[in-house]
Amino acid sequence: MNRREKWALALPGPISNLGNIIIHNVLMKYYTDIIGLDAKFIGWVYLIYNIWNAINDPLFGVLIDKMPYKPKRGKYVYLMRVTTPVMILAMIGMVLNSPSLNQWFIFAFLTLELFVFDTGYTAFSIGYNSYFYIKAPTAEDRVNVDVIRVYVANVISFLATLIPTVLLVGDSNPKFIIPALLGVVAIDAVVMGISVKILKESPDIYETISVKNEKINYKEVLKASWAIIKARSFWTYLLFFITARGAIGFYFTPFLYYMDHVAKAGSTEATIADVLPGLIMLALLPLLTKIIKKVGCKIAILISYIPAIVGYTGLFINCSIINVVFCYILIILGKNLMEVACTPINGALIDDDEMRTGERKTGLVGGIFALGTIMLTSIQQFVFSNILSGFGYDGKAAELTERAILGIRIGTCLVPIGFFILGLIPLLLFPINKKRENELGEFNKKMRGGINEEI
């Protein structure tokens with residue numbers, strides 16, 4: 001796979017993820033502090049959103065697995081192209097809410113927009129992941145492409161997270177946040193349109209995929225689902241993902257509250273604390289990928305625990321700006337090492353199931369995994385928002401109480417550490433090591449032989 005092919009394959013994933021970045025990293029503080037929605041409503045919004053997200057993933061996964069390739073429109077790339085405008089319009093709707101409206105109306109409107117976005121994003125991501133795992137058949141191929149995805153994702157994340165650090169922390173004027181968010185969405189719409197346009201799709205992709213029939217047999221689906229769930233590789237990775245991986249993935253929203261009310265940082269300091277760790281991580285990313293390739297994904301994830309836990313512990317102990325920046329450098333290094341190492345594992349679960357059953361079920365495996373992870377990782381947002389509400393957080397207050405500040409510190413620092421400890425047990429039991437990764441890579445390369453010549 002040459003450089004052009006890697007870039008073409010890498011772009012759609014992180015670019016399409018902008019909506020998720022805004023939803024999980026920006027919306028909560030935007031709605032509590034600008035729109036004025038009570039934090040308890042935010043918790044329920046995220047809970048409902050993630051329940052629907054979990055339900056539609058396996059449903060869409062089965063439908064997309066069985067959906068035939070049509071020469072005039074294709075399949076996976078076609079799904080990406082038709083769902084792109086749905087996601088963009090939904091993102092615009094999320095931003096354009098009014099603080100003058102009734103709390104229940106704001107709650108209902110936001111829930112509806114998240115429902116529309118997630119329906120489009122689910123179909124898009126299943127199509128993209130199915131395409132990605134076929135075009136990048138080995139763990140090494142996936143890591144190589146994922147390096148590009150991490151660089152692109154950090155640029156996208158920088159644009160999206162720069163807005164709240166500048167406009168939602170300290171004494172900055174928040175009146176520019178709506179046009180700023182809409183500007184980022186507009187840029188994203190253009191880049192997404194280009195990225196899905198350059199992908200190519202041909203019938204030979206689907207000739208290598210065994211599909212028993214096009215009509216859905218729900219008895220077979222349930223039987224196949226149970227076989228996936230009871231596989232040790234699946235349930236151990238699922239438990240790790242909903243605890244440790246979920247905790248470190250949900251870091252930026254607590255970061256905003258921590259910087260604003262615990263560290264009492266200005267917008268410039270918050271931006272430095274956000275950007276500097278990311279830049280250091282990008283500089284060290286080639287080293288991180290070498291570690292993953294050398295020791296395997298499982299050991300790399302265990303290594304990622306060290307900087308992450310040290311960073312969260314340091315945040316709880318000392319909230320000086322210099323210490324906060326240093327701690328977030330450690331957290332971001334741990335987060336990205338873990339995330340890049342997890343990418344090949346997601347594909348390995350699909351390969352492992354195909355090796356055992358003789359049928360490739362990308363959508364079903366991904367859908368069942370999402371059913372567990374999306375509902376349960378939403379506990380991160382639910383726990384954090386309810387800690388804020390329970391400790392008396394008021395986004396409109398000029399000064400928070402000491403109890404409210406303590407709630408932010410607990411939710412930002414101690415809760416992730418607890419989830420990390422819980423996630424260590426299933427991670428140690430996870431059976432796919434470096435040797436097994438190589439076996440699955442060889443199997444997948446043999447099954448997908450020759451199809452990754454052209455993106």
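A salt bridge is taken here as a side-chain nitrogen of Lys or Arg within 4 Å of a carboxyl oxygen of Asp or Glu. In this predicted model, a search of the whole structure turns up 10 such salt bridges.

A good place to begin is helix H7 (residues 139-167), which holds both Arg149 and Asp146, 3 residues apart, or about one turn of the helix. Their side chains form a salt bridge with an N to O distance of 2.9 Å. Both partners are buried: Arg149 has a relative accessible area of 11%, and Asp146 has a relative accessibility of 5%.

Glu399 and Lys264 form another salt bridge, at 3.4 Å from N to O. This pair links distant parts of the chain, 135 residues apart, with Glu399 in the loop between helices H16 (362-390) and H17 (402-429) and Lys264 in the loop between H12 (252-262) and H13. Glu399 is exposed, at 56% relative accessibility.

Asp353 and Lys361 also pair, with 2.9 Å between N and O, and both residues are buried. Through shared partners, salt bridges connect these two with Asp352, Arg356, Arg436 and Glu439 in one network.

Turning to helix packing, H13 (residues 267-295) meets H15 (residues 321-357) at an angle of about 35°, and their axes lie 8 Å apart. The crossing of H13 and H15 is right-handed. Contributors from H13 include Leu276, Ile280, Leu284 and Leu288, while those from H15 include Val325, Ile329, Ile332 and Val340. By residue class, the contact of H13 with H15 comprises 18 nonpolar, 3 polar and 1 charged.

Methods. Residues numbered from 1 in each chain as written. Predicted model: local features only at pLDDT ≥ 70, side-chain atom pairs only at ≥ 80, totals over all residues. Heavy atoms only, no water. Axes fitted to C-alpha atoms, helices over the stretch in contact; angles between N-to-C directions. Helix = DSSP H or I, 4+ residues; strand = E, 2+ residues; numbered from the N terminus. Left-handed = near helix turned anticlockwise from the far one by under 90°. Contact = heavy atoms within 4.5 Å. Nonpolar A, V, L, I, M, F, W, Y, C, P; charged D, E, K, R; others polar. Buried < 20%, exposed > 50% of the residue type's maximum accessible area, 1.4 Å probe, protein only.
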